Amino acid sequence: MIEKAIEHYWYGISHDIFSEPVTSYAELSVEALEKQIPKKVINLGYFYGYATHCPACKGQVEKRAYGIKDKYCRTCGQALDWSE
């Protein structure tokens, strides 16, 4: 569903269907929607615990005690995929 919405917004943007400021709003919408699609965390190996980073902003994300993992980056809001 998210991918379809992004596709429609990009169609409108690329074909100059929207007028300003709607084009700007559509671009912001695409950016926000893309952050809702989980992306794999970047695992940089072991350094006083596993260093894992957000794939979007490269900020550090946490896998805390008891297996609790951040679902979203606390810095940029990117949805995170912790699967192997």
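Trainee: What makes helix α1 and helix α2 roughly antiparallel to each other?

Mentor: Look at the angle in this predicted model. The axes of α1 (residues 2-14) and α2 (residues 22-35) come within 10 Å and cross at roughly 155 degrees. Angles over 145 degrees count as roughly antiparallel, and α1 and α2 are therefore given that description. As for handedness, α1 passes α2 in a left-handed crossing.

Trainee: Which residues of α1 and α2 meet?

Mentor: From α1 come Ile2, Ala5, Ile6, Tyr9, Trp10 and Ile13. On the α2 side they meet Thr23, Ala26, Glu27, Ser29, Val30, Leu33 and Glu34. The residues of this contact divide into nine nonpolar, two polar and two charged.

Trainee: How do you know that Thr23 and Ser29 are the polar kind, and Glu27 and Glu34 the charged kind?

Mentor: Glu is listed among the charged residues, while Thr and Ser belong to neither the nonpolar nor the charged list and so count as polar.

Trainee: Now for the loop that links these helices. What is special about the peptide bond between Glu20 and Pro21?

Mentor: That bond is cis, with omega at about 0 degrees. Pro21 sits in the loop between α1 and α2.

Trainee: Asp16 is in the loop between α1 and α2 too. Why is Asp16 called exposed?

Mentor: Its relative accessible area is 66%. Exposed means over 50%, so Asp16 qualifies. Asp16 also has a positive phi of about 55 degrees, although it is not a glycine.

Trainee: Which residue in the loop between β3 and β4 has a positive phi?

Mentor: That is Lys58, with a phi of about 70 degrees, and Lys58 is not a glycine either. Its loop runs between β3 (50-53) and β4.

Trainee: Let's move on to Gln78, in the loop between β4 (60-61) and β5 (80-81). Why does Gln78 count as buried?

Mentor: Compare the value with the cut-off: the relative accessibility of Gln78 is 1%, and buried means under 20%. Gln78 therefore counts as buried.

Trainee: What does Gln78 contact, leaving aside its neighbours within four places in sequence?

Mentor: There is quite a list to look up: Glu34, Lys35, Ile37, Pro38, Lys39, Cys54, Pro55, Ala56, Lys71, Tyr72 and Cys73.

Trainee: What makes the approach of Gln78 to the backbone oxygen of Lys35 a polar contact?

Mentor: The side chain of Gln78 reaches that oxygen at 3.4 Å. The limit for a pair of N or O atoms is 3.5 Å, so this distance falls within it.

Notes
Residues numbered from 1 in each chain as written. Predicted model: local features only at pLDDT ≥ 70, side-chain atom pairs only at ≥ 80, totals over all residues. Heavy atoms only, no water. Axes fitted to C-alpha atoms, helices over the stretch in contact; angles between N-to-C directions. Helix = DSSP H or I, 4+ residues; strand = E, 2+ residues; numbered from the N terminus. Parallel < 35°, antiparallel > 145°, perpendicular 65-115°, else oblique. Left-handed = near helix turned anticlockwise from the far one by under 90°. Contact = heavy atoms within 4.5 Å. Buried < 20%, exposed > 50% of the residue type's maximum accessible area, 1.4 Å probe, protein only. Polar contact = N/O pair within 3.5 Å; in protein donor to acceptor, adjacent residues only side chain to side chain.
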